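Visitor: Could you walk me through how helices pack against each other here? I am new to this, so please begin with any term I will need.

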Amino acid sequence: VNTVAAADTDEDLLSQYVTHDSKVVHFDDYSEIDHTVFKDGKEVTVSSLAESSSVGKGALFSGRKFLILGFGKEDESCIRALIEENAGKVLLQENKIIADYAVVPLLGNKVISTVENVVTNTWLVMCIEQQTLIEPQSSPLFSPVPVKEGATPLQHFVLSFSQFSGAERESLICLASQLGARVQEFFVRRANPKKGMLVSTHLVLKEPD
């Protein structure tokens, strides 16, 4: 029988480590977090997230203004390109204009300006995948998950994801890894040391079978 993590249990577990921040904070409050994640020895970056998705060019973000916060130079450049290729405008942090969206990593970044919406790069890529402006509150992956520095609440979990694809799947893998979980491609009941496979603890499904 496949083990499926209950949503309520996960929410209770994560709530012990989540901090609640407003959208307007001061730069002095910023605490940098390492957002590097590896899957099967390969680094999962914004670039790989975009490459795994069917992103295209268009006028999706026409008239929308963006801030990009908390990413390294390579990832920031990739996000900027995605926004501009879809007719959006990227503002400098010093700009006094109120942005429509501040794009931050999954594990969050303190926003130093007043903005209409704080969203993750997952939201950005999935909007482009679907060629529509998705409601930021429609998925937990579209809002940052601030976690206490050094906290790894999922460190004893071995997870596999099924029924997810594209940016959504890559983001779940990234988030689970950042929270300390081991993520495997397959759900297994017996360990296989030769293949580096551990006994799975949870199979996460988009819809119950």
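Guide: Let us begin with handedness: a crossing is called right-handed if the near helix is turned clockwise from the far one by less than a right angle, and left-handed if the turn is anticlockwise. Please keep in mind that this is a predicted model.

Visitor: Okay, so which hand does the crossing of α4 and α5 have?

Guide: The crossing of α4 and α5 is right-handed.

Visitor: And which residues of the two helices make the contact?

Guide: On the α4 side the contact is made by Thr122, Val125, Met126 and Glu129, while α5 contributes Gly166, Ala167, Glu168 and Ser171. Sorted by class, the contact of α4 with α5 has three nonpolar, three polar and two charged residues.

Visitor: How does one describe a pair like that in numbers?

Guide: Two packed helices are described by the angle between their axes and by the distance between those axes. For α4, residues 121-130, and α5, residues 166-178, the axes come within 9 Å and cross at roughly 165°.

Visitor: Are they roughly parallel or roughly antiparallel to each other, and why?

Guide: Angles over 145 degrees count as roughly antiparallel, and α4 and α5 are therefore roughly antiparallel to each other.

Visitor: Let's look at α5 alone. How many residues does it have, and how far does it reach?

Guide: Helix α5 has 13 residues and reaches 19 Å from its first C-alpha to its last, which is close to the 18 Å expected at 1.5 Å a residue.

Visitor: Is α5 largely enclosed or largely open?

Guide: Of the 13 residues of α5, 11 are buried, so this helix is largely enclosed by the rest of the structure. Among the buried residues of α5 are Ala167, Glu168 and Ser171, and these three also take part in the contact with α4.

Visitor: What about α4, how many of its residues are buried?

Guide: Helix α4 is mostly covered, with eight of its 10 residues buried, including Thr122, Val125 and Met126.

Visitor: Changing topic, what comes just after each of these helices?

Guide: Just after α4, Gln131 takes a positive phi of about 50°, and α5 is followed by Gly180, whose phi is also positive, near 100°.

Visitor: And the whole chain, how many helices and strands does it have?

Guide: The chain has five helices and nine strands, and of its 209 residues 42% count as buried. Among contacts between residues at least 6 apart in sequence, 70% join residues at least 24 apart.

How values were computed: Residues are numbered from 1 along each chain as its sequence is written. This is a predicted model: local features need pLDDT of at least 70, side-chain atom pairs count only at pLDDT 80 or more; totals for chains, interfaces and linings use all residues. Side-chain values use heavy atoms; hydrogens and water are left out. Axes are lines fitted to C-alpha atoms, for helices over the stretch in contact, and angles run from 0 to 180 degrees between N-to-C directions. Helices (H or I, at least four residues) and strands (E, at least two) are DSSP runs, numbered from the N terminus. Angles under 35 degrees count as roughly parallel, over 145 as roughly antiparallel, 65 to 115 as roughly perpendicular and the rest as oblique. Contact means heavy atoms within 4.5 Å. Ala, Val, Leu, Ile, Met, Phe, Trp, Tyr, Cys and Pro count as nonpolar, Asp, Glu, Lys and Arg as charged, and the others, Gly among them, as polar. The expected span of a helix is 1.5 Å times one less than its number of residues. Buried means under 20% relative accessible area, exposed over 50%, partly exposed in between (1.4 Å probe, protein chains only).
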